[in-house]
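Please look through the sequence and the model shown here, and then read the briefing that follows, which goes through a few of their features by topic.

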Amino acid sequence: MKFVDEVKIRVEAGRGGDGCLSFRREKYVPKGGPDGGDGGRGGSIFIVGHAAMNTLLDYRYRRLHRAKKGQQGMGSECTGKSGEDLYLQVPVGTKVFDAETDECIGDITKQDQKLLVAQGGEHGVGNVRFKSSTNRAPRETTVGKPGEKRELRFELQVLADVGLLGYPNAGKSTLISSISAAKPKIADYPFTTLYPNLGMVKGEYGQSFCVADIPGLIEGAAEGAGLGTRFLKHLSRTRLILHIIDIMPVDESDPATAAVILADELKRYSEDLYSKPRWLVLNKIDLLPADEREQFTQDLVKQLNWTGPVFAISALAKIGLEPLIKAISKDFMGEE
Ligand SMILES: Nc1nc2c(ncn2[C@@H]2O[C@H](COP(=O)(O)OP(=O)(O)OP(=O)(O)O)[C@@H](O)[C@H]2O)c(=O)[nH]1
Ligand SMILES: [Mg+2]
């Protein structure tokens, strides 16, 4: 699957149908009055949320979207048919902007949520409407109005409760696959994950929460190193960030230093993200003998001057996952 999270499109609502100029013509009725009907209104364009979609890819290939125009009015006071409205489906989590003014028009956060983005043109009126006691044979009609035309920008920011942040290879994808039904690609080389994966996790009290696994971040990401920071925006709607730390990186780098560098990249990208609740999750604890784990965790916390919550887990061997899920349920999902 190709993941696309930003696109520009053009929408053009339908023009309203013109009013009709017509007079009744019937046998033995020499001067039938006016009978030109109204035009139909032009089709409008709506954006609608669709939960099963997870990319804006389709819009890369088709940029122009037009709704149908309204039909002209007809004789015998027949109104023209309205132009059909057009519904453009987008993944839940898509923000819709006016591309010219950069104004946010709406935020699609639910399945079937609808947002009007281009109003269809008003219909013209037929000459029958101009009939009056003084004007029995009006030749007046009006034309339909053009539909709204707009340049739009869609920006997808996945909707998740919990986001995973970490170096490539830290075990983010392994974690999401151990706690949810998501089956992302996992491999022992960096940058395995190339686009966000979402997984639903069963919480402690029967409720579920959504976890987002994003591509790994490296030093210099803010300057575009690795995959850069472009996926970090997918963490901006989460309530909690889990900072996943590989306690024994294959390159033998120091986990504490790596953690500091990553937090720094996060801060440089966005103070907002940086100040979100963030927990430390030390992963691959299975690589240590059981009796050394506690001490190792304490040492690392001390080294980092970390005062927030910390969890030691093994995403692969499924150690320590239950307390982590419990804590998330308790602290972040309780109010729902
Ligand atoms: N021993 C051990 N290995 C693990 C653990 N978790 C993950 N791994 C291994 O670490 C490697 C990387 O795991 P991934 O889950 O792909 O890492 P990632 O953080 O998603 O990496 P990117 O997608 O590249 O950012 C794989 O070979 C995993 O099997 C763990 O708890 N213990
Ligand atoms: Mg991954």
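**A loop residue and a metal site**

Leaving aside its neighbours within four places in sequence, T192 is in contact (heavy atoms within 4.5 Å) with K185, I186 and A187. This is a predicted model, in which local features need pLDDT of at least 70 and side-chain atom pairs count only at pLDDT 80 or more, while totals for chains, interfaces and linings use all residues. Residues are numbered from 1 along each chain as its sequence is written, chains are lettered from A and ligands numbered from 1 in the order in which they are written, and side-chain values use heavy atoms, with hydrogens and water left out.

**The loop**
- T192 lies in the loop between helix 2 and strand 10 (helices are DSSP runs of H or I with at least four residues, strands are runs of E with at least two, and both are numbered from the N terminus).
- With a relative accessibility of 12%, T192 counts as buried, which means under 20% relative accessible area with a 1.4 Å probe, protein chains only.
- A polar atom of the T192 side chain lies 2.7 Å from the backbone oxygen of Y189.

**The magnesium ion**
- S173, through OG, and T193, through OG1, are the protein donors of the magnesium ion (ligand 2), at 1.9 to 2.1 Å from it, where donors are N, O and S atoms within 2.8 Å of the metal (3.2 Å for Na, K and Ca), and water is not among the atoms, so sites may look incomplete.
- This pair links distant parts of the chain, since S173 is in helix 2 (residues 172–179) and T193 is in the loop between helix 2 and strand 10 (197–202), 20 residues apart.
- S173 is buried at 8% relative accessibility, and T193 is buried with a relative accessible area of 9%.

Notes. Buried means under 20% relative accessible area, exposed over 50%, partly exposed in between (1.4 Å probe, protein chains only). A polar contact is a pair of N or O atoms within 3.5 Å; within protein, one must be able to donate a hydrogen and the other to accept it, and residues adjacent in sequence count only if both atoms are side-chain atoms.
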